[in-house]
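Subject: Structure for your review

Dear colleague,

Please find below the structure that I am handing over to you. I should be grateful if you would read the notes beneath it alongside the coordinates.

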Amino acid sequence: MNDMNWLAIYPEILLLAMSCVVALVDLWVTDEARRPTYWLTQLTLLVVGVMHFSDFKAGVTTYAMQGMVVADPMGHLLAGFACVATMITLVYARPYAASRDMLKGELFILSLFSLLGISVMLSANNFLVIYLGLELMSLSLYALVALRRDHAVSTEAAMKYFVLGALASGFLLYGLSMMYGATGSLSIPEVFNVISKGAPNRGVLVFGVVFVVAGLAFKLGAAPFHMWVPDVYQGAPTAVTLLIGGAPKLAAFAITVRLLVEGMIGLAVDWQQMLIVLSAMSLIVGNLAAIAQTNLKRMLAYSTIANMGFMLLAMTAGVVNNNTLSAANAYSSAMFYAVTYVLTTLGTFGMVILLSRQGHEAEEIKDLAGLAKRSPWFALVMTMFMFSLAGVPPTVGFYAKLAVLQALVSTHVDAYLYLAVFAVVVSLIGAFYYLRVVKVMFFDEPQDRSPLTAPTDVRVVMSLNGAAVLVFGLLPGGLMALCAQAIVKALAT
């Protein structure tokens, strides 16, 4: 192992350098459309994304910074997807931001720093590095939520997000400090070794795991730690809501795997029980509360809570009867679910952004009324996204839910079979509020009968996004194989 192998983190180094370059270039930009800043940001994301995907293809695991950082296939694959998600977000966000005096250098620079925090979390092999990445991402997102300084609702959402985010970070940091006290190390592999040998301070370890899981649940938005999600999703500018609901979910999944699976697998009996409770509560709270919503962004926030509950279900099935094959299947299903959920969320909030116009936020479900008459194509694309979130075949959301259910059933444990049945029943109840949106688009009369127009780049990316939801649903094998490959190599190290 080369302790100072800087090449292992060259994508992160380039991302940091280019973030600073974008900040400096923006000082001299006089174009109100911020074209130089925008295209330089997109070029940076493209190059960094290609680096991560090429490193994933190489399939090599490298350690750096005295073992505090690990560049492995799982980290590279998720970082590549995070770059793609950020690129798509900025395409959707630019027209929206321009009409609300938000199209400034800060939007692009903070987006890059948020992505840098995500990348640090994805490559963390040490408790401190995880916390460093988490805070870099979180602080950038807090500032982005408050970007409209003269908008009272956004400012209120930023305050709520900051206070509850700080509480979540405190929970996680306290849990990690307990783990350090019990094991004597901040290194994830060393914590794994100490726990696997039977650490004498098991009571302290379990106490620490409780706080770690609570902190992770906050970041995922899982019930009962979901209080911030609806208020922040509704209050933040829609472009920023998409930044919060997209790539950070990949980082939250990654640190869940890094901490609970790679570091604390010896305590799986304890944290699996907690995850079962969290997932069940998230499915119930998310789906039932979403039915009562008339605000589209709040409905999608509760949808996020329910979907995170579904993803956590797969995490609970990882270590059953010491079956390694079952573990790889469960965690790869959870990873596939996280990636495809982000793909669908990008398009869903992208459509909300598209429907918003100068002086009007398309936040209510009724704002989608008659969309099929204004733009049949966009109505069809939005229907794809709603069907995917509901788990209707042949969209990718159906296969993602099926993969999680297969992971539960393949454990051959009665409790997990009951969990699978419970998840199906609750999801069927939740399908109501997704289908309600489709009904409003196709059967209600439009309030605004003018044709729905969009810039060419937004129209193309939105169409590709909708097509991807359908194609990955019809041909999921390739993406599922990539997720399985990444998880197997991550667990092997």
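The notes below cover the enclosed spaces, the nonpolar core, two individual residues and the cysteines.

This is a predicted model, in which local features need pLDDT of at least 70 and side-chain atom pairs count only at pLDDT 80 or more, while totals for chains, interfaces and linings use all residues. Residues are numbered from 1 along each chain as its sequence is written, and side-chain values use heavy atoms, with hydrogens and water left out.

Cavities and pockets were sought on a 1 Å grid over the protein atoms alone: a cavity is a set of points where a 1.4 Å probe fits but cannot get out, and a pocket is an open set with protein on both sides within 12 Å along at least five of seven lines. Lining residues have an atom within 4 Å of a point. Points are joined across faces, edges and corners, and a volume is the space filled by probe spheres set on them.

There are seven cavities of 30 Å³ or more. The largest cavity holds about 150 Å³. It is lined by 16 residues, of which Met137, Tyr161, Phe218, Lys219 and Trp228 are the closest to its centre. Two or more lining residues come from each of helix H5 (127-145), helix H6 (152-183), helix H8 (202-220) and helix H11 (247-263); helices are DSSP runs of H or I with at least four residues, numbered from the N terminus. The lining comprises twelve nonpolar, two polar and two charged residues, where Ala, Val, Leu, Ile, Met, Phe, Trp, Tyr, Cys and Pro count as nonpolar, Asp, Glu, Lys and Arg as charged, and the others, Gly among them, as polar.

The second largest pocket has a volume of about 350 Å³. Val84, Ile88, Leu343, Ala468 and Phe472 are the closest to its centre among the 16 residues that line it. Helix H3 (73-98), H14 and helix H19 (456-474) each supply at least two of the lining residues, and H19 gives the most, with five. By class, this lining has 15 nonpolar, one polar and no charged residues.

The largest nonpolar core (buried Ala, Val, Leu, Ile, Met, Phe, Trp, Tyr and Cys residues joined through side-chain atoms within 4.5 Å) has 182 residues, and Met179, Phe253, Met264 and Trp271 touch the most other members. H14 contributes the most to this core, with 19 residues. Buried means under 20% relative accessible area, exposed over 50%, and partly exposed in between (1.4 Å probe, protein chains only).

Two buried residues lie in helices. Thr345, in helix H14 (residues 324-355), has a relative accessible area of 3%. Beyond its neighbours within four places in sequence, Thr345 is in contact (heavy atoms within 4.5 Å) with Leu242, Gly245 and Gly350. Ala379 belongs to helix H16 (residues 376-390) and is buried at 0%. Residues up to four places away in sequence aside, Ala379 touches Leu371, Ala372, Met441 and Phe442.

How many disulfides (cysteine sulfur atoms within 2.5 Å) are found in the whole structure? The search finds zero. The sulfur of Cys20 is 16 Å from the closest cysteine sulfur, in Cys83, and is therefore too far for a bond. Cys20 is partly exposed, at 38% relative accessibility, whereas Cys483 is buried at 0%.

Yours sincerely

Terms used:
Disulfide = S-S within 2.5 Å.
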